[in-house]
Amino acid sequence: MSKSIDLSELYKPHPRQVLFHSSPERGRLFGGAIRGGKTMAGVAEGIQLSIDYPGNVGIMARQNLPAFKRTVLVELERYFDVGIHVDNEYYKLITQHHSTDHYIQFYNGSRIWYTGLVDDQKGLVSQMGTTIGWFFIDQVEECSEMHFNNLLGRLSLNLKDIKYKYILTANPMPGWVKQRFIEGKPDDFIYIPSLPRDNPWLPPTYEEELRAIYPKELAEAWLDGNWDVMESGNFLFSWAEITRAVDKDVSQDGELHMGVDFAWSSGDENVAIIRQGNKMLSFDRWIYKMEDSLLSVDKVIELIERFQIPHKNVKVDAVSGGSPMYSGLVAKGYNVTPVIAGAKADDEEHYINKRAEMYYQLQARFRRDEISLVDDRDLKAQLSSIKYKPAQEKRMQLISKEEMRSHGEKSPDRADSLALAFYEPVLKNPAIRWL
């Protein structure tokens with residue numbers, strides 16, 4: 001049986017990807033930074049294994065299903081309409097996509113199951129007895145080692161001449177992935193780093209523009225692949241905690257809340273984030289000059305009315321540039337909750353001011369895995385840049401916005417809005433004085 005297939009119009013691997021595909025090792029880890037072509041390479045390798053071994057069964061996975069559908073599945077779908085010639089007969093490469101049970105079927109009997117490792121109730125979880133010939137986990141650092149070991153134990157498909165493979169992509173921050181696969185150097189395994197500068201398909205100014213936007217530590221991690229810096233400083237949130245929270249399945253009971261961070265200076269954003277329970281639902285951003293404060297007031301009122309958010313649950317930055325916007329909201333009958341970052345904390349014993357208290361409340365949600373974020377690159381970057389330092393009398397404080405600006409970093413407007421949205425201030429009723 002002769003067959004020919006040309007996928008070069010869909011995928012033209014750059015040199016680091018070619019090295020990844022040609023490596024003979026049973027296990028391969030590819031990546032190390034953003035936009036190095038990790039997901040594209042992992043999907044292409046899975047397609048090739050499905051073609052090379054008719055009847056092969058593989059699994060493609062990410063930590064959760066929404067993230068998988070937004071990244072890996074989008075890349076996988078590019079192959080759905082590809083054709084293949086076998087003995088002068090034309091076949092579709094992929095003959096079926098079963099979106100309910102989460103698998104795709106190939107012309108030669110091969111099959112790929114796909115799943116979110118922590119939350120898929122319809123696909124792989126119902127196939128606990130499945131034996132496989134290969135698996136691919138995208139962003140494996142987001143997952144637990146238990147999930148990896150579980151898939152590793154399924155590499156037992158009884159197929160003639162099969163070569164079992166496992167394919168991983170990651171940003172290898174400190175944790176089990178780095179310890180096991182990079183520092184541990186297991187047998188029959190290779191780590192192939194790939195950085196943005198290795199990807200010739202990116203815009204020529206891509207790296208330069210990101211270095212101008214992101215804090216030094218984040219640029220070193222995302223662009224240079226040095227993930228040690230994300231754990232070496234006094235960062236309030238670890239990158240692992242942030243990525244675990246993206247699209248996480250959490251409770252969202254209760255009333256709606258909104259946090260609004262108003263711009264202090266030109267170039268800053270006005271940001272409003274809405275959440276319900278532990279789930280961030282959405283965010284809006286707009287850039288108005290401070291003299292256009294009435295436009296910002298109208299924007300916040302529009303969001304309050306559209307989502308029917310109780311006024312007391314709208315927490316607004318009422319410092320400096322935010323003060324006239326807060327006053328404008330109150331003047332129009334919207335008794336929102338003002339938050340003055342530099343004011344005394346409710347818990348003065350542990351926090352130097354309200355901003356520190358607000359952010360430590362947010363940190364507690366991340367530490368308990370009780371928060372879900374929308375996948376926004378700038379929000380994640382800003383959260384990862386928040387640093388703390390001990391203050392007098394063993395209280396904690398955060399590095400101020402002014403100090404961040406002095407180091408060339410931009411105001412973390414989206415992170416501040418998120419902290420406001422999840423902040424639960426102690427509401428004190430005024431005491432009644434009897435005359």
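Begin by selecting the eight strands that form an open sheet of mixed pairing, in the order β6-β7-β8-β3-β9-β10-β2-β11. The model in view is a predicted one. At the margins of this sheet are the edge strands β6 (94-98) and β11 (189-193), each of which pairs on one side only. Between neighbouring strands of the sheet, the average turn is 15°, direction ignored.

**Inside the sheet**

Next, select β3 (57-62) together with β8 (residues 111-116). These two strands run parallel and are joined by six bridges. To see one point along the pair, display A61, which stands opposite T115 in β8.

**Helix α1 and its neighbour**

Now add helix α1 (residues 15-22), which packs on the sheet. The strands that α1 touches are β2 (27-31), β10 and β11, and its direction makes about 170° with that of β2.

Keep α1 in view and select helix α2 (residues 38-52). The axes of the two helices come within 11 Å and cross at roughly 35°; the crossing is right-handed. Which residues make the contact between them? On the α1 side they are Q17, F20 and H21, and on the α2 side M40, A41, G42, A44 and E45. Sorted by class, this contact has four nonpolar, three polar and one charged residues.

**Helix α5**

Move on to α5, which lies across β3, β9 and β10 and runs at about 160° to β9. Which residues of α5 are buried? In this helix, spanning residues 145-152, they are H147, F148 and L151. Turn the view to look down the axis of α5: its buried residues fall within an arc of 100°, so they line one face of the helix. An α-helix has 3.6 residues a turn, so residues three or four places apart point the same way.

To see what covers these buried residues, select β3, β9 (134-137), β10 (165-170) and α6 (176-183), which are among the covering elements.

**Three residues in loops**

The next stops are single residues. Select V82, in the loop between α4 (72-77) and β4 (83-86). Is V82 buried or exposed? Its relative accessibility is 11%, under the 20% limit, and V82 therefore counts as buried. Add I94 to the selection: V82 and I94 are 12 residues apart in sequence, and their C-alpha atoms are 7.5 Å apart in space.

Continue to K185, in the loop between α6 and β11. This residue has a positive phi of about 50° although it is not a glycine. With 66% relative accessibility, K185 counts as exposed.

Finally, go to Q308, in the loop between α11 (293-307) and β15 (314-317). Here too the residue is other than glycine and phi is positive, near 55°. Q308 is exposed, its relative accessible area being 58%.

**The whole protein**

To close the tour, display the entire model. How many helices and strands are there in the protein? There are 16 helices and 18 strands. Of the 435 residues in the protein, 53% are buried. Among contacts with a separation of 6 or more, 67% are between residues 24 or more positions apart.

Terms used. Residues numbered from 1 in each chain as written. Predicted model: local features only at pLDDT ≥ 70, side-chain atom pairs only at ≥ 80, totals over all residues. Heavy atoms only, no water. Buried < 20%, exposed > 50% of the residue type's maximum accessible area, 1.4 Å probe, protein only. Helix = DSSP H or I, 4+ residues; strand = E, 2+ residues; numbered from the N terminus. Arc of directions from axis to C-beta. Contact = heavy atoms within 4.5 Å. Pairing = 2+ DSSP bridges. Axes fitted to C-alpha atoms, helices over the stretch in contact; angles between N-to-C directions. Left-handed = near helix turned anticlockwise from the far one by under 90°. Nonpolar A, V, L, I, M, F, W, Y, C, P; charged D, E, K, R; others polar.
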